[in-house]
Amino acid sequence: MSQEDQKRAAAEAALEYIQPGMIVGVGSGSTANHFIEALAASGIDIKGAVASSEASAERLKGHGIQIHDLNTVAELPVYIDGADETNHKLQLIKGGGGSLTREKIVATVSSRFVCIVDESKLVDKLGAFPLPVEVIPMAQSYVSGLLAKLGGRPELRKGFTTDNGNVILDVKGLRMVDPVELEGALNHIPGVVCNGLFARRPADILLVGTQEGVIKLARSPR
Ligand code: 5RP
């Protein structure tokens, strides 16, 4: 099975968590796009979706799925999204597509976060994938300097502006011994809007498309 087929299989497996009448949180990226296609094809009569990026909102609207503003939604039972890396604790690195801030907001609000990946994303230790950090443009130089002091090698994502009007620094070389601690520490740097570690709000369910089919990992209760 190709990587794309594995993504598609994981996305289709996530339909198990969707009930008629729900408002569904929907993430961004190619695996999330497979989920949107599967959702549209399923015919499940959902009430609508909260999207974590403008691109996903457009794709959902293209299928006639109503987009809700998160501020008008009382509760979000489920959030479906991909990841760039996941460990076995279901802690993630996200933001390869640059939508990390909205993704973290929607994931945190949702009662259940179902993460859908192909098998290349499941790793023993997070950190091979450069960590995306969303930064307010005027603080780019200051934040880069601090990240370098922490042992990172930040690189500005060229020609890219987030949906929130900010820039992304992709940071190689950060030690991720304690992802929960690192996520908090990075968020305390003035000018950092959000970083792509999802350790404080990891996924609850991980669906991994593999050569042998989709495997499911569930996070142990907090
Ligand atoms: C976007 C993300 C995506 O979930 C992540 O980059 C994975 O993308 P893909 O499903 O295309 O491999 O975090 O900001």
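A polar contact, as the term is used here, is a pair of N or O atoms within 3.5 Å. The model is predicted, and this report covers its ligand site and two of its strand arrangements.

**The ligand site**

The ligand sits in the second largest pocket. There are 17 residues around the ligand, and those that come nearest are S30, T31, D84, G95 and K121. By class, the shell around the ligand holds one nonpolar residue, 10 polar residues and six charged residues.

Three polar contacts to oxygen atoms of the ligand are set out below.

| Residue | Part of the residue with the N or O atom | Distance to a ligand oxygen atom |
|---|---|---|
| G82 | backbone | 3.3 Å |
| G97 | backbone | 3.3 Å |
| K121 | side chain | 2.7 Å |

K121 thus appears twice in this account: among the residues that come nearest to the ligand, and with a side-chain N or O atom 2.7 Å from a ligand oxygen atom. Taken alone, the ligand exposes 380 Å², and the protein buries 91% of that area.

**A three-stranded sheet**

Strands β4, β5 and β11 form an open sheet in that order, with antiparallel pairing. The edge strands are β4, residues 85-86, and β11, residues 197-198; each of these pairs on one side only. Between β4 and β5, the latter made of residues 92-93, the antiparallel pairing runs over two bridges. Within this pair of strands, E85 stands opposite I93 of β5.

Strands of a sheet pair through backbone hydrogen bonds, in either the parallel or the antiparallel sense.

**A hairpin**

Further along the chain, strand β12 covers residues 205-210 and strand β13 covers residues 213-218. These two strands also pair in the antiparallel sense, over six bridges. A hairpin of two residues joins β12 to β13. T210 has G213 in β13 as its bridge partner.

Terms used: Residues numbered from 1 in each chain as written. Predicted model: local features only at pLDDT ≥ 70, side-chain atom pairs only at ≥ 80, totals over all residues. Heavy atoms only, no water. Pairing = 2+ DSSP bridges. Helix = DSSP H or I, 4+ residues; strand = E, 2+ residues; numbered from the N terminus. Near = heavy atom within 4 Å. Polar contact = N/O pair within 3.5 Å; in protein donor to acceptor, adjacent residues only side chain to side chain. Areas by Shrake-Rupley, 256 points an atom, 1.4 Å probe, with all protein chains shown as cover. 1 Å grid on protein atoms, 1.4 Å probe; cavity = no way out; pocket = protein on both sides within 12 Å on 5 of 7 lines; lining within 4 Å. Sits in = over half its atoms within 2 Å of the grid points. Nonpolar A, V, L, I, M, F, W, Y, C, P; charged D, E, K, R; others polar.
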